[in-house]
Amino acid sequence: MSIEKVRKYFEEYGIADKILEFDVSSATVELAAQALGCDGSRIAKTISFHVEDRVVLIVAAGDVKIDNAKYKAQFGTKAKMLAFEEAEELIGHAVGGVCPFAVNDGVEVYLDESLKRFETVFPACGSSNSAIEMTMQELEKYSGYIRWVDVCKMREQ
């Protein structure tokens, strides 16, 4: 199970005990916010894309969506999400638990600027019923991110 990969990865840093596991699903932003009792914007969702022959993960705030023009300017191509059935094989985590931790070799992780307005956020930990609270500095450290990007826009309210 993918949460075990994340747990083992976090054990190397002594933070595996910070993983939160729920009796309910946290597979979507809305479900994770309910499970945590927080605003959905603080859920750090991880969105997966094909960029030519590479797999790219973008970690963004739960209340934003990809801005196609910004994405194309950043990556030089149109945003093409991974298919549901590709996620586990290509990333190492199934949809609902995709996170930037303990991913397959070669997977590129980017953090979106939308996260910077929060002191802490809650990314998943490899399963559809887990999360961990992290500061931006912790997210940078443990995600192995390449760089911060600005590829999202706020959702229409």
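Okay, so let's start with the fold: the protein chain has five helices and 11 strands. Keep in mind that this is a predicted model.

Overall dimensions next. Along the principal axes, the C-alpha atoms fill a box of roughly 40 × 35 × 30 Å. The radius of gyration is 14 Å, and a compact globule with 157 residues would have one near 15 Å, so the protein chain agrees with that expectation.

What about the contacts? If you take those with a separation of 6 or more, 64% of them in the protein chain join residues 24 or more positions apart. And how many of the residues are buried? Of the 157, 51% count as buried.

On to the surface. The accessible area of the protein chain is about 8000 Å², and carbon and sulfur atoms own 47% of that. As for charges, there are 18 positive and 26 negative ones, and the mean positions of those two sets sit 6 Å apart.

Now, the cysteines. How many disulfides do we have? The count is zero. Take C38: it's in no disulfide, and the nearest cysteine sulfur belongs to C125, 14 Å away. A disulfide needs the two sulfur atoms within 2.5 Å, so a gap like that rules C38 out. C38 does count as buried, because its relative accessibility is 16% and the cut-off is under 20%.

Then there's C99, also in no disulfide. For C99 the nearest cysteine sulfur is again that of C125, this time 6.1 Å away. With the limit at 2.5 Å, C99 and C125 therefore don't pair up either. Is C99 buried or exposed? Buried, with a relative accessible area of 0%.

Last stop, S114. Where is it? Look in the loop between strand 6, residues 108-112, and strand 7, residues 120-123. Although S114 is in a loop, it counts as buried, at 11% relative accessibility.

So what does S114 touch? Leaving out residues up to four places away in sequence, S114 touches A60, A61 and V64. There's also S41 to look at: S41 and S114 are 73 residues apart along the chain, and their C-alpha atoms are separated by 9.2 Å.

To recap: five helices and 11 strands, zero disulfides, and a buried serine, S114, in the loop between strands 6 and 7. That's it from me.

Terms used. Residues numbered from 1 in each chain as written. Predicted model: local features only at pLDDT ≥ 70, side-chain atom pairs only at ≥ 80, totals over all residues. Heavy atoms only, no water. Helix = DSSP H or I, 4+ residues; strand = E, 2+ residues; numbered from the N terminus. Rg over C-alpha atoms; globule rule 2.2 N^0.38 Å. Buried < 20%, exposed > 50% of the residue type's maximum accessible area, 1.4 Å probe, protein only. Contact = heavy atoms within 4.5 Å. Areas by Shrake-Rupley, 256 points an atom, 1.4 Å probe, with all protein chains shown as cover. Lys, Arg positive; Asp, Glu negative; His and termini not counted. Charge placed at Lys NZ, Arg CZ, Asp CG, Glu CD.
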